[in-house]
Amino acid sequence: VAAVTERAHAAGLDAADPLAGFRDEFVLCERIYMDGNSLGRLPRRVEERVAALVQEWGERLVTGWHEWIELPARLGDLLAREIVGAQPGEVLVCDSVTVNLYKLAAAALDRRPGVIVTAVDEFPTDRYVLQGLGEVRLLDPDPAADDVAAACAPGDVALVCLSHVNYRSGALADLAGITEAAHDAGALMLWDVCHSAGVVPIDLSGVDLAVGCTYKYLNAGPGAPAFLYMREGLQLELRSPIQGWFGQREQFAMGPAYDPEPGIVRFLAGTPPIVALAAVEPAVELVAEAGVAALREKSVALTAYAIELHDAWLAPLGFELGTPRDAARRGSHVSLRHPEGWRICRALIERADVIPDFRAPDSVRFGLPPLYTRFVDVWDAFDRLRRLVEDEVYLELDPAPGRVT
Ligand SMILES: *Cc1c(COP(=O)(O)O)cnc(C)c1O
């Protein structure tokens, strides 16, 4: 039996992997891709579907809208069923995460004003949007249900907004426990599932509001439309702050006054991006074929293997694990912290053909999407990483951060 640090061990894990065949569904490249948590790879079937849609545009022209107009709600139902554990009519695919977060948080606060609770290390766009909507109370990183309860104790909290998986540390939150703590305090709960959708089983039943994106573990392409979720019981009560015509009852009556649809569709704003939406369906179907439960199992094995190699090779070189060791408390990426993280990340990309990313101040993130990441990819990436640090190759790189990290 090969030792954990031998490449043969990784090859053995790949040989026993029931999901190994899904890698062939993707357009591949020579470089070792470890950033699928930021932008997923291109599925071949998405390439085909987008080409077909463009052709359809050429042939059908404006008559295509009879079907295209249903896409935000139809794809929402697909996500509800396969990815986020919601009911039909509770999810829409539309706009960006940022815009959806704004729409849902503004709608919630309009109904019930009060303090917003979020975490100090929440994803920047989430914090900025919430800061623009009212008073924000900040929790320490990776809060537990008790921390949320304590922050809500004054009784003035209207909305709690947190990420299911933290974008930097990869920590997985206690979704059910935190939701219960928010509800006990009379607040609404809004989850951001960007980093869990498609890779961690999600059960939104009982959750009030959620947003997420389709370009990370769902592989629908750069800037692919995001999604929003609203519990059915809230839909009549909450109103979108953007009174757009796509949320209007009998949209094409083009009446004088805004009168929103009774259901989730009231949270649409303007004309949906059909070419981009066309990519979402085959991408989500691919994830559904593998099954989120099976993906989670492989994801846990991949991150556990990365942590083993970190302990053996990288901890002695000054790295520190930035991700929880408890598998039940982490998502599908592993963050390695190092004071020279930025230059090490650049050196991996420019000198070693390994693509992770960097998150300030010191985290190099290795995203391990189980649909197409092999155990040998983890071995190869970390083997190159340790050599490059041992040989101090990173010292040759520019220490100034770039526009996109
Ligand atoms: C990726 C991500 C976003 C991205 O928002 P956009 O509007 O698509 O730019 C927002 N929040 C979290 C937690 C994310 O991981």
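**Group meeting: a walk through the model**

Hi everyone, let me begin with the walls of the largest cavity: by class, its lining has eight nonpolar residues, two polar ones and no charged ones. Before I go on, please keep in mind that this is a predicted model.

So who are those residues? The lining is made up of Gly 198, Val 199, Tyr 217, Asn 219, Val 287 and Leu 295, together with Pro 369, Pro 370, Leu 371 and Tyr 372. The volume of this largest cavity comes to about 60 Å³. And how many cavities of 30 Å³ or more does the structure hold? Just one.

Next, helix H5, which runs over residues 97–111. Here is a little sanity check that I enjoy. With 15 residues at 1.5 Å a residue, H5 should span 21 Å, and its end C-alpha atoms are indeed 21 Å apart, so expectation and model agree.

Which residues of H5 are buried? They are Val 97, Asn 100, Leu 101, Lys 103, Leu 104, Ala 105, Ala 106, Ala 107, Ala 108 and Leu 109. Please note that a lysine, Lys 103, is on that list. As for what these buried residues pack against, there are strands E3 (115–119), E5 (157–163), E6 (188–192), E7 (209–212) and E8 (227–230), plus helix H6 (124–131).

Let me zoom in on one residue of H5, Ala 105. Ala 105 counts as buried because its relative accessibility is 0%, and the cut-off for buried is under 20%. Setting aside neighbours within four places in sequence, Ala 105 is in contact with Leu 130, Leu 133, Leu 159 and Leu 190. For a sense of scale, Ala 105 and Thr 323 are 218 residues apart in sequence, and their C-alpha atoms are 29 Å apart in space.

Over to another helix, H10, residues 292–314, where we find His 310. Is His 310 buried or exposed? Buried, with a relative accessible area of 3%. Again leaving out neighbours within four places in sequence, its contacts are Ala 315, Pro 316, Phe 319, Glu 320, Leu 321, Leu 336 and Phe 382.

Now the cysteines. A search of the whole structure turns up zero disulfides. Take Cys 213, which is in no disulfide: the nearest cysteine sulfur belongs to Cys 194 and is 3.9 Å away. A pair counts as a disulfide only within 2.5 Å, so this pair does not qualify. Cys 213 is buried, at 1% relative accessibility. Cys 345 is in no disulfide either, and for this residue the nearest cysteine sulfur, that of Cys 29, is 15 Å away. Cys 345 is buried as well, at 2% relative accessibility.

Last stop, some backbone details for those of you who like torsions. The peptide bond from Ala 360 to Pro 361 is cis, with omega near 5 degrees. Pro 361 sits in the loop between strand E12 (357–359) and strand E13 (363–367).

Then there is positive phi outside glycine. Leu 61 has phi near 50 degrees, and its place is the loop between helix H2 (44–60) and helix H3 (65–68). Leu 61 is exposed, with a relative accessible area of 52%. Asp 95 also has a positive phi, near 50 degrees. Asp 95 lies in the loop between strand E2 (91–93) and H5, and at 30% relative accessibility this residue counts as partly exposed.

That's my tour, thanks for listening!

Definitions and conventions: Residues are numbered from 1 along each chain as its sequence is written. This is a predicted model: local features need pLDDT of at least 70, side-chain atom pairs count only at pLDDT 80 or more; totals for chains, interfaces and linings use all residues. Side-chain values use heavy atoms; hydrogens and water are left out. Buried means under 20% relative accessible area, exposed over 50%, partly exposed in between (1.4 Å probe, protein chains only). On a 1 Å grid over the protein atoms alone, a cavity is a set of points where a 1.4 Å probe fits but cannot get out, and a pocket is an open set with protein on both sides within 12 Å along at least five of seven lines; lining residues have an atom within 4 Å of a point. Grid points are joined across faces, edges and corners, and a volume is the space filled by probe spheres set on the points. Ala, Val, Leu, Ile, Met, Phe, Trp, Tyr, Cys and Pro count as nonpolar, Asp, Glu, Lys and Arg as charged, and the others, Gly among them, as polar. Helices (H or I, at least four residues) and strands (E, at least two) are DSSP runs, numbered from the N terminus. The expected span of a helix is 1.5 Å times one less than its number of residues. Contact means heavy atoms within 4.5 Å.
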